[in-house]
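Here is a short tour of one protein model, written to be read with the viewer open. Please rotate the structure as you go and look up each residue when it comes along.

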Amino acid sequence: MIYIRADGNTEIGMGHVMRCLAVAEAAADLDSAHPPVFITADAGCRAMIEDRGFRVIVLETDYKDMMGELPRIRKVLQAEQDTGGTVLLVDSYQAGCAYYRALRDFVRVACFEDMGEAYPVDLLINYNIYAPGLAENYGGACPGSRTSGERYPAKALLGVRYMPLRKAFQKPAEYAVRDKVTDVMITTGGSDPYFATAAFAEALRGDDALAGLGIRLHLVSGPFNRFADELKRRYPAGSDGGMSILVHENVRDMCSLLLQCDVVISATGSTIYEVSSLGVPMIVFYFAENQRQGAQALERLTDIVNAGCFAEDGAAVAERVRAAVDRCAADRSYRELLCRQERELIDGKGARRVAGHLWKLAEGSAECQK
């Protein structure tokens, strides 16, 4: 049986839950009789997970205190376990070596990891574009190992081959670069801690060249966006100033919305891989350190503009975004180049690959124990 420990809220956004949902759906496809079960600290994202058809166990703990939840999660897993094998996939930046080591006393453990830190787990997944360059980080002894010969993770899955895209993005792309830029999207992920959406919208509205194109600006407001009401107040339906602005909430078909757009401005979370799978020309920025490597890798491997860290200098990032949109609007060949480069990054089969490894681990496969 596969259990998934993940949280989503206004502070950490929805990236952890979304990528775990993609894996859960793939795992359920491989064994429909035993769909994965989610375990969360609180009920903040329970409804969304249940809406996707998965059972949720709420620990009623503090998501920041992973060590404090151990007695509760152990009790839950012991009560849940059947005669088959059990694996727990953990997706949390709050989890550390001590937490994983304690878990492995009673369950096989897998984890998502983004920063190049080794953990004492049976299976580690870092699907990021920069992950292969971190391989050496995962080959040594984990800090605090019980014995000098202990090496963890036991197995690591690295690179975009293991990116767990949602089902809608696993199909062959239908996107085609159009002659003119008419639709631009701004998405910051599940939350928008610095109200970057408004900063980008104002920068684009103030560009005379863009205003003259009659662009439709699509602002995607995530489920934990604390500025959602302000966004709707500031940009009522049909508002303009040279361009029309549409605010989208509770987007259920992100793929279709992306396919309408000519340029996407995105924070470097899981959305960048979804956009890449379609080939929609993209401009990226980031909020936090854990997103920096993704933005820099895209800049290094493609011609995508990395506008930088909004948390450090929002005005400068907004100006770089505006200039990048100008370039996209003026140069179709540049957008065609981005489309080709992005599609070459990812094949859409990562969720199924990860799910397959989790089932092997749950079954005690020697492949995942070595």
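The report starts with the whole chain and then moves to a helix, a few loop residues and their surroundings.

**The chain as a whole**

What you have on screen is a predicted model. The protein chain holds 14 helices and 13 strands. Its C-alpha trace spans about 65 × 40 × 40 Å along the principal axes. The radius of gyration is 21 Å, and because a compact globule of 370 residues would have a value near 21 Å, the chain agrees with that expectation.

Of the 370 residues, 56% are buried. Among contacts with a separation of 6 or more, 66% are between residues 24 or more positions apart. The accessible surface of the protein chain is about 15,100 Å², and carbon and sulfur atoms contribute 47% of it. As for charge, there are 42 positive and 50 negative side chains, and the centres of these two sets are 4 Å apart.

**A covered helix**

Helix α9 runs over residues 271–278, and eight of its eight residues are buried. They are T271, I272, Y273, E274, V275, S276, S277 and L278. Which elements provide the cover? Among them are the strands β8, β11 and β12 (282–286), together with the helices α8, α10 (289–301) and α12 (332–343). Just after α9 comes G279, with a positive phi near 90°.

**D262 and its partners**

D262 is in the loop between α8 (254–259) and β11 (263–267), two elements that also help to cover α9. Is D262 buried or exposed? Its relative accessible area is 0%, so D262 counts as buried, the cut-off being under 20%.

The side chain of D262 has a polar contact with the side chain of R178 at 2.9 Å. A polar atom of the D262 side chain also lies 2.8 Å from the backbone nitrogen of T182. Beyond its neighbours within four places in sequence, D262 touches Y175, R178, K180, V181, T182, D183, V280, P281 and R335. R178 and T182 thus appear both in this contact list and in the pairs described above, R178 through its side chain and T182 through its backbone nitrogen.

**Loop residues side by side**

Three further loop residues are worth a visit, and the table gives their places and accessibility.

| Residue | Loop | Relative accessibility |
|---|---|---|
| E60 | between β3 (56–58) and α3 (70–80) | 71%, exposed |
| F195 | between β8 (183–187) and α5 (196–205) | 11%, buried |
| P132 | between β6 (123–126) and β7 (156–158) | 49%, partly exposed |

Most residues other than glycine have a negative phi. E60 is not a glycine, yet its phi is positive, about 60°. F195 likewise has a positive phi, near 55°, without being a glycine. In accessibility, E60 is exposed at 71%, whereas F195 is buried at 11%.

P132 falls between the two cut-offs: with a relative accessible area of 49%, P132 is partly exposed, because that class runs between under 20% for buried and over 50% for exposed. Residues up to four places away aside, P132 touches L158 and G159. You can also use P132 as a ruler end: P132 and Q291 are 159 residues apart in sequence, and their C-alpha atoms are 16 Å apart in space.

How values were computed: Residues are numbered from 1 along each chain as its sequence is written. This is a predicted model: local features need pLDDT of at least 70, side-chain atom pairs count only at pLDDT 80 or more; totals for chains, interfaces and linings use all residues. Side-chain values use heavy atoms; hydrogens and water are left out. Helices (H or I, at least four residues) and strands (E, at least two) are DSSP runs, numbered from the N terminus. Buried means under 20% relative accessible area, exposed over 50%, partly exposed in between (1.4 Å probe, protein chains only). The radius of gyration is taken over C-alpha atoms; the globule rule is 2.2 Å times the number of residues to the power 0.38. Contact means heavy atoms within 4.5 Å. Accessible areas come from the Shrake-Rupley method with a 1.4 Å probe; for residues, only the protein chains shown count as cover. Lys and Arg count as positive and Asp and Glu as negative; His and the chain ends are not counted. The place of a charge is taken as NZ of Lys, CZ of Arg, CG of Asp or CD of Glu. A polar contact is a pair of N or O atoms within 3.5 Å; within protein, one must be able to donate a hydrogen and the other to accept it, and residues adjacent in sequence count only if both atoms are side-chain atoms.
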